[in-house]
Amino acid sequence: MRLAELRSWQPAPGRVWEVRPTAATVEAIRATSSDAGAPSFLQADHLGAYAALAAAPQPARHMAWTGIVSAVERPLMPQHWLDALAGLLVDHEGQRTWFLPGADGQPVRRLLDAAVVQAPEAFELVELVDLSAAPAAQFADRLHAWIDETFPQRCTPDSWPAFGLVLVEREAELEFAWACDHAFTDAASQMMLGVELAERYDALLTERTPDPAYVPPAAERGSFLVHAAAERERAASYSPDAPEVARWREVLGAQGNRLPSFPLDLGLAAGESAPVRILEHPLVEGDELAALERHVKAAGARVPSAVVAACAVAEARLTGRDRYLGVTVLGTRDTGPYARAQGWFCNFAPLEVDLRGHDRLAGVLPVAEAAFAQARALNRMPVHVALGVLLAEGTLSPESLGSPQLLSYLDLRWLPGATGQGAGATAYRRGLHFTGEGRTRNASSWFNRDANRLYVAVQAPDTEQALASTVRYYDEVRVVLRSLAHDGDAPLGLGAPVASGVG
């Protein structure tokens, strides 16, 4: 499984098909009534952003969607493929929802009945003849252009399906690209979806029961609608003077009452944004990664903490700042039967690493480990509770909310398909997770670890200065991690900011 830009997918030519709802399904969608319950907090954020985008004097394209590319090494049997899709949608009701504005302007959920998608002719495959006939040298580029043009219209939160699905058929295999509006999915959900869909299809073709290693049982695919309601209930249990809110206030207060931003110049004026560019930076792999883990463990920490420590030290070397603030993405799948559910099971918490009083990397690792422990302690409280209180009291600047810098660490080794055999493992091995490339004014870090390497995918503004700054910064992060791999007690190397992070 890779996390990269969609254009790194270069499929060989084949017949191209799009999955679409039939006229009967469209009629059932129109007749669907409202469903009780508010959206989750992150869903509400995206719904608000989508509404603001639509109301803008010059609306931009909707790019808040995310997807997966993968493959099944079997020929295409259309009805089996559509049945596999229907089974997935039945089991994950969050993928059968969309939102429309209510009388008061607030979003109201619609939930399509499972019987609709189970109907024998719920979906159809429509061949995209022009793409199927594209010259081999142009095939991938033309398919990418079609996705760029079509998926922003398919993947919207106010209609159903809120996803797009296109297939490339060849004689003995098919590849597929699925994308979904971000209001209904997180990265882990997307990566699991590709594996699950491939396994369901292969099981139908071979007339066997799907492997539970790839298709989750009911005990691991709880309803996202229930999760959203439980999240709202938890939020209501916190008061403005809760210790968790006080911790957010303390951390942000030490950073000028602002959420973090990328520490180097991205080539943007204040308030300006630019189109997203996804950049991949290698960090450590193979024996170096194994050595890094040994040294980090000996210091009482873990590899995620080493990553945060490396970011703190890199920032200090490049800017002279001795207190690092990051906001990390944390999972909430442990709050119920959601280990392999489809939805948005995420929250955010601050990571503060104070380098003062330390001169060696081994001393910083426990500080970073403690920062993660504090973040996990805050994770039960939805971040919107703290942000709402801090905005209301004027502690937090609202300008920093629009495009925050985030740090994610994802250990891909636990995902279904990362080990094992069969269709699910093949789908994982050939999988690519990508995002719609909208606009940003920050550079967020998506650190990923697989069986043999640690790397970072960066969503940065597409400017010449941003490219130079991110290369400089993540090269310095790499230098720190490699230092840890070779010497767990290496010096911090602070002093005046270094001229270059390349090493």
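This presentation covers the salt bridges, strand pairing and one helix of a predicted model.

Let me begin with the charged pairs. Side chains of opposite charge can pair when their charged atoms come close. Across the whole structure, a search finds 36 salt bridges. I shall discuss three of them and one network.

The first pair for discussion is E175 with R170. Their side chains meet in a salt bridge with an N to O distance of 2.4 Å. Are these two residues buried or exposed? Both E175 and R170 are buried. The pair also belongs to a wider arrangement, since E73, R170, E173, E175, R429 and R430 are linked in a network of salt bridges.

Next, please turn to R249 and E393. These residues form a salt bridge, and 2.8 Å separates the closest N and O atoms. Which parts of the chain does this pair tie together? R249 belongs to helix α9, residues 243-253, whereas E393 sits in the loop between α13 (383-392) and β13 (407-411), so the salt bridge joins parts that are 144 residues apart in sequence. R249 has a relative accessibility of 28% and therefore counts as partly exposed. E393, at 40% relative accessibility, is likewise classed as partly exposed.

The remaining pair is E315 with R321, a salt bridge in which the closest N and O atoms are 3.4 Å apart. Here the partners fall into separate classes of burial. E315 counts as buried because its relative accessibility is 8%. R321 has a relative accessible area of 41%, so this residue is partly exposed.

I now come to helix α13. Its buried residues are V383, V385, A386, L387, V389 and L390. An α-helix has 3.6 residues a turn, so residues three or four places apart point the same way. Against which elements do the buried residues of α13 pack? They pack against α8 (224-236), α9 and β12 (346-354). Helix α9 has thus appeared twice: as a packing partner of α13, and as the helix that holds R249. After α13 comes G394, which has a positive phi, near 80°.

The last topic is strand pairing. Strands of a sheet pair through backbone hydrogen bonds, either parallel or antiparallel.

Strand β12, already mentioned as a packing partner of α13, pairs with β11 in the antiparallel sense over nine bridges. Within this pairing, L325 has E352 of β12 as its bridge partner. Strand β11 spans residues 323-331 and is mostly covered, with seven of its nine residues buried.

Strand β10, residues 274-285, has two antiparallel pairings to report. With β17, residues 453-461, there are nine bridges, and V456 in β17 is the bridge partner of H281. With β15, residues 439-440, there are two bridges, and P275 stands opposite R439 of β15.

Finally, there is an open sheet of three strands, in the order β3-β6-β5, with antiparallel pairing. Which strands lie at the edges? They are β3 (34-35) and β5 (97-101), each of which pairs on one side only. Strand β3 pairs with β6, residues 107-111, over two bridges in the antiparallel sense. In that pairing, S34 has R110 of β6 as its bridge partner.

To close, I would draw attention again to the R249 and E393 pair, which ties together parts 144 residues apart in sequence, and to the network that includes the buried pair E175 and R170.

Conventions
Residues numbered from 1 in each chain as written. Predicted model: local features only at pLDDT ≥ 70, side-chain atom pairs only at ≥ 80, totals over all residues. Heavy atoms only, no water. Salt bridge = Lys/Arg side-chain N within 4 Å of Asp/Glu carboxyl O. Buried < 20%, exposed > 50% of the residue type's maximum accessible area, 1.4 Å probe, protein only. Helix = DSSP H or I, 4+ residues; strand = E, 2+ residues; numbered from the N terminus. Pairing = 2+ DSSP bridges. Contact = heavy atoms within 4.5 Å.
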